[in-house]
Each structure stands twice: as structure tokens, then as C-alpha cells.
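Subject: Structure for your review

Dear colleague,

Please find below the structure that I am handing over to you. I would be grateful if you would read the notes that follow with the structure open beside them.

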Amino acid sequence: MDEALRLAREAAAADEVPVGAVVLRQGEIVGRGSNRPRAAHDPTAHAEVEAIRQAAAALGSERLGDCELWVTLEPCAMCAGAIVHARIARLYYGAGDPKGGAVEHGPRIFDHSQCLHRPEVYSGIGEGEAAEMLRRFFRERR
């Protein structure tokens, strides 16, 4: 989670919503991502999607069934869908997101009967720092 938090700080410094993510395989980072929709002019350039894309390219496969994703914020519906399609084995995330989250909040993507894959989910890891970073980011912009 330390690397995901570092990537979130980088995103904030670039005036992006501070979210960072890493994909690990057998304890080694194979994909990194930070939010960059503004810089990339791409609404899909969320930290999770960036990390999954990088990991899939590095491993030469769209299936990441032996990988885990660490992200600083509860994934949105789009990112939860990407996690499903990549077949990520385990998801670890920091802060919950009552407004935009789709794992424990909102649509709860992994609970749907149509969901083709359900990762193990662990929440609250690094939650304090991740949540404070987000609060500070949005407070400074209001």
C-alpha cells in the first residue's frame, strides 16, 4: 500500500484526484497506476485501469488470476468491472467511497449474480492516510 499511496501523492501533485494503485504478482509489483484522466484526456485513465493495463502488458496476458490489486480508494463501477474482467484474485483498498464506490457501496458489482468473477476483498488498509489525502485535495479546491 505504501507504493499506492506514493502514486496517489503524485496524482495530487499533478492536480489529479489522489488515487494510486499497484498490481502485485508473487509479491512483486508488475503494474503501477495513478489517476490521470485530466492529463491523458481519457475518462478511463483511473489508477486501477492504468495499473491493470501495465500488469497485463508486462505479463503478456489479459488474465491476472494470480495477481492482487492494491488501491488507495474503493474502486468505482468501471474499475470494479476491469477487476472482474482481469480476474484479479485479491483486492485490497484503503478508503471507502460512499459516493462513487462500487464494491461495498453503490452497485456492489461483485455481489451481482451476473458477475463472472469475485475477487477476495480486503478494505481499510491505509485508510486513514488515503482518506485524509482525498479530504485535503477537495478542501483545497473548494
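Directly after helix H4 comes arginine 87, and its phi angle is positive, near 60°. Please bear in mind that this is a predicted model. Helix H4 itself covers residues 77–86, and its buried residues are Cys79, Ala80, Gly81, Ile83, Val84 and Ala86. These buried residues of H4 pack against H3, S3 and S4.

The packing leads on to the nonpolar core. The largest such core contains 37 residues, and Val23, Leu69, Ile88, Leu91 and Phe110 have the most contacts inside it. At least two core residues are supplied by each of H1, strand S1 (20–25), H3, S3, H4, S4 and helix H5 (127–140). Strand S3 gives the largest share, namely five residues. Leucine 69 deserves a look on your screen. When neighbours within four places in sequence are set aside, leucine 69 is in contact with Ala21, Val22, Val23, Glu48, Ala51, Ile83, Ile88, Arg90, Leu91 and Tyr92.

I turn next to the charged side chains. The count of salt bridges comes to 14, and three of the pairs are described here.

Glutamate 3 and arginine 6 form a salt bridge, with 2.6 Å from N to O. Both residues belong to helix H1 (residues 2–13), where they stand three residues apart, about one turn of the helix. Why does such a spacing suit a pair within one helix? An α-helix has 3.6 residues a turn, so residues three or four places apart point the same way. Glutamate 3 counts as buried because its relative accessibility is 18%, under the 20% limit. Arginine 6, at a relative accessible area of 32%, is partly exposed. The pair also belongs to a wider group, since a network of salt bridges links Glu3, Arg6, Glu10 and Arg32.

A second salt bridge joins arginine 90 to glutamate 68, at 3.2 Å from N to O. Arginine 90 is in strand S4 (residues 90–95) and glutamate 68 is in strand S3 (residues 67–73), so this pair ties together parts that are 22 residues apart in sequence. Are these two residues buried or partly exposed? Arginine 90 is partly exposed, with a relative accessible area of 24%, whereas glutamate 68 is buried, at 15%.

The third pair is aspartate 42 and arginine 53, whose closest N and O atoms lie 4.0 Å apart. Aspartate 42 sits in the loop between helix H2 (37–40) and helix H3 (47–59), while arginine 53 is part of helix H3; the pair therefore ties together parts that are 11 residues apart in sequence. Aspartate 42 is partly exposed, with a relative accessible area of 22%, and arginine 53 is also partly exposed, at 44% relative accessibility.

Finally, I would draw your attention to alanine 12, which is found in helix H1. Its relative accessible area is 23%, so alanine 12 is partly exposed. Which residues does alanine 12 touch, not counting residues up to four places away in sequence? They are Pro18, Phe137 and Arg141. Of these, phenylalanine 137 is 125 residues from alanine 12 in sequence, and yet the two are 6.9 Å apart in space, C-alpha to C-alpha.

With kind regards

Technical notes:
Residues are numbered from 1 along each chain as its sequence is written. This is a predicted model: local features need pLDDT of at least 70, side-chain atom pairs count only at pLDDT 80 or more; totals for chains, interfaces and linings use all residues. Side-chain values use heavy atoms; hydrogens and water are left out. Helices (H or I, at least four residues) and strands (E, at least two) are DSSP runs, numbered from the N terminus. Buried means under 20% relative accessible area, exposed over 50%, partly exposed in between (1.4 Å probe, protein chains only). Contact means heavy atoms within 4.5 Å. A nonpolar core is a set of buried Ala, Val, Leu, Ile, Met, Phe, Trp, Tyr and Cys residues joined through side-chain atoms within 4.5 Å.
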